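Trainee: I'm new to this structure and would love a close look at one part of it. Could you walk me through the disulfide and the strands around it?

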Amino acid sequence: QVQLVESGGGLVQPGGSLRLSCAASRSIFSINTMGWYRQAPGNQRELVATITAGGSTNSADSVKGRFTISRDNAKNTVYLQMNSLKPEDTAVYYCNAVLIAMGAQYNFWGQGTQVTVSY
């Protein structure tokens with residue numbers, strides 16, 4: 001079992017920056033993949049960025065060059081640095097952890113943190 005707690009959301013003007021944090025309740029060293037997803041009103045939840053245990057990253061085309069995902073295994077925390085924010089980045093951002101154990105895959109989600117990009 002993994003509990004995930006997001007923080008760092010808020011209201012920011014277009015062009016601004018925010019850093020989201022996702023604190024896990026256990027060591028993330030052995031968690032296969034951690035990531036950030038987002039869901040805007042009326043839309044499906046979509047991938048923002050992921051990072052594997054080995055440090056490989058993947059991100060959506062819409063955020064490439066603006067968002068950076070990173071992980072600090074010592075702090076059991078994953079971060080999402082968001083720069084050059086746009087109104088279309090407005091959404092609830094969710095942290096995700098994928099754990100593979102005993103041949104099964106387990107998905108864990110945080111409660112989400114609201115990001116609003118507006119004047």
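Mentor: Happy to; we'll begin with the disulfide and then follow the strands outward. Keep in mind that this is a predicted model. The structure holds one disulfide, and its two ends are Cys22 and Cys95, with 2.0 Å from S to S. The bond ties together distant parts of the chain: Cys22 sits in strand E3 (residues 18–24) and Cys95 in strand E9, 73 residues apart. Turn now to the bond itself: the torsion about S-S is about -80°, so this disulfide is left-handed. Are its two ends buried or exposed? Cys22 has a relative accessible area of 0%, which is under the 20% cut-off, so Cys22 is buried. Cys95 is buried too, again with a value of 0%.

Next, let's use Cys95 as a stepping stone. In E9, Cys95 is the bridge partner of Trp36. The strands involved, E4 and E9, are antiparallel and pair over seven bridges. Trp36 also has a bridge partner in E5, namely Ala49. Strand E4 (residues 33–39) and strand E5 (residues 46–52) run antiparallel, joined by six bridges. Six residues lie between E4 and E5 in their hairpin, and Gly42 in that turn has a positive phi of about 80°.

Finally, go back to E9, which covers residues 91–101 and is joined by six bridges to the antiparallel strand E10, residues 104–109. One pair to find there is Val98 with its bridge partner Asn107 in E10. E9 and E10 also make a hairpin, with two residues between them, and Met102 in the turn shows a positive phi of about 55°.

Notes
Residues are numbered from 1 along each chain as its sequence is written. This is a predicted model: local features need pLDDT of at least 70, side-chain atom pairs count only at pLDDT 80 or more; totals for chains, interfaces and linings use all residues. Side-chain values use heavy atoms; hydrogens and water are left out. Two strands pair if DSSP finds at least two bridges between them. Helices (H or I, at least four residues) and strands (E, at least two) are DSSP runs, numbered from the N terminus. A disulfide is a pair of cysteine sulfur atoms within 2.5 Å. Buried means under 20% relative accessible area, exposed over 50%, partly exposed in between (1.4 Å probe, protein chains only).
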